[in-house]
Amino acid sequence: MLNSTYTGLRVLDLSTNIAGPFAAMMLGDMGADVIKIERPPIGDDTRALPPRWGDEATVFIAVNRNKRSVVLDIKQAEGRAALLKLAATADVVVESFPPGLAQELKLAYEDFRACNPRVILCSISAFGDGPLGATMPGYDALVQSVSGLMSFTGHAGAAPVRIAPSVLDLTTGMWGAIGIMAALARRGASGAGEHVRPCLLDSAFTLMN
């Protein structure tokens, strides 16, 4: 799948699990230099998930190809400083922090823009910018339930059943990649970065149209 569309583009992937890593991986597939920032000591959450292929988790492999990996403790001053130094050279940053953490770590869009006015930040969340999103973290199965998507599955008279693939994570990753591509195109004319904010709940409503 590798092509040269985004050769020379640098992406920092601070996200974990599936949606954010999938968005960053697609940019890597198109030639971008993707640097995955992982926390010590375990790295991305999916590294611990079964099933495994040899010593590696298959979920991690599936959404993290074409990336380099760096371990940084961004909750510590030294790690945060190293991250912002990398961000000053980046075109895109992808993150999936739980609600409030970006502000707590001083790694919100304004902080990245201060060191790099051209940076495009993609912030992936479960519930977006509304009342739920301000305080409530979430994951694919939970948003399937909250949105009503899960109510379409299973058998009449029985409990709803989760859609087995992580359809909301994967769809939100695709929306994130599309939003980043659009922001890159606009940046070519304006010279300015943007904040792209896809969320799993919007993906659920889109899939139910």
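The legends below describe an overall view and several close-ups of one predicted protein model.

Residue numbers start from 1 along each chain as its sequence is written. Because the model is predicted, local features need pLDDT of at least 70 and side-chain atom pairs count only at pLDDT 80 or more, while totals for chains, interfaces and linings use all residues; side-chain values use heavy atoms, with hydrogens and water left out.

**Figure 1. Overall view of the protein chain, with nine helices and eight strands.** Helices (H or I, at least four residues) and strands (E, at least two) are DSSP runs, numbered from the N terminus. The radius of gyration is 17 Å, which agrees with the value near 17 Å for a compact globule of 209 residues; it is taken over C-alpha atoms, and the globule rule is 2.2 Å times the number of residues to the power 0.38. Along the principal axes, the C-alpha atoms fill a box of roughly 55 × 40 × 35 Å. Of the 209 residues, 45% are buried (buried means under 20% relative accessible area, exposed over 50%, partly exposed in between, with a 1.4 Å probe and protein chains only). Among contacts (heavy atoms within 4.5 Å) with a separation of 6 or more, 71% are between residues 24 or more positions apart.

**Figure 2. Close-up of the salt bridge between Arg-68 and Asp-33.** A salt bridge is a side-chain nitrogen of Lys or Arg within 4 Å of a carboxyl oxygen of Asp or Glu. The closest N and O atoms of Arg-68 and Asp-33 are 2.8 Å apart. Arg-68 belongs to strand S5 (residues 67–71) and Asp-33 to strand S2 (residues 33–38), so the pair links distant parts of the chain, 35 residues apart. Arg-68 is partly exposed at 45% relative accessibility, and Asp-33 is partly exposed at 24%.

**Figure 3. Close-up of the salt bridge between Arg-187 and Asp-91.** The N to O distance is 2.9 Å. Arg-187 is part of helix H8 (residues 167–190), and Asp-91 sits in the loop between helix H3 (77–87) and strand S6 (92–95), so the bridge ties together parts that are 96 residues apart in sequence. Arg-187 and Asp-91 are both buried.

**Figure 4. Close-up of the salt bridge between Arg-186 and Glu-194.** The side chains meet at 2.6 Å, N to O. Arg-186 has a relative accessible area of 43% and is partly exposed; Glu-194, at 22%, is also partly exposed. Elsewhere, Asp-13, Lys-36, Asp-44 and Lys-67 are joined into one network by salt bridges that share partners. The search of the whole structure finds 11 salt bridges.

**Figure 5. Close-up of Val-196 in strand S8 (residues 195–196).** Val-196 counts as buried, with 11% relative accessibility. Leaving out residues up to four places away in sequence, Val-196 touches Ile-120, Leu-121, Cys-122, Ser-123, Gly-176, Gly-179, Ile-180 and Ala-183. Ile-180 is 16 residues from Val-196 in sequence, and their C-alpha atoms are 6.8 Å apart.

**Figure 6. Close-up of Gln-76 in the loop between S5 and H3.** Gln-76 is partly exposed, its relative accessible area being 47%. From the C-alpha atom of Gln-76 to that of Ala-126, 50 residues apart along the chain, the separation is 26 Å.
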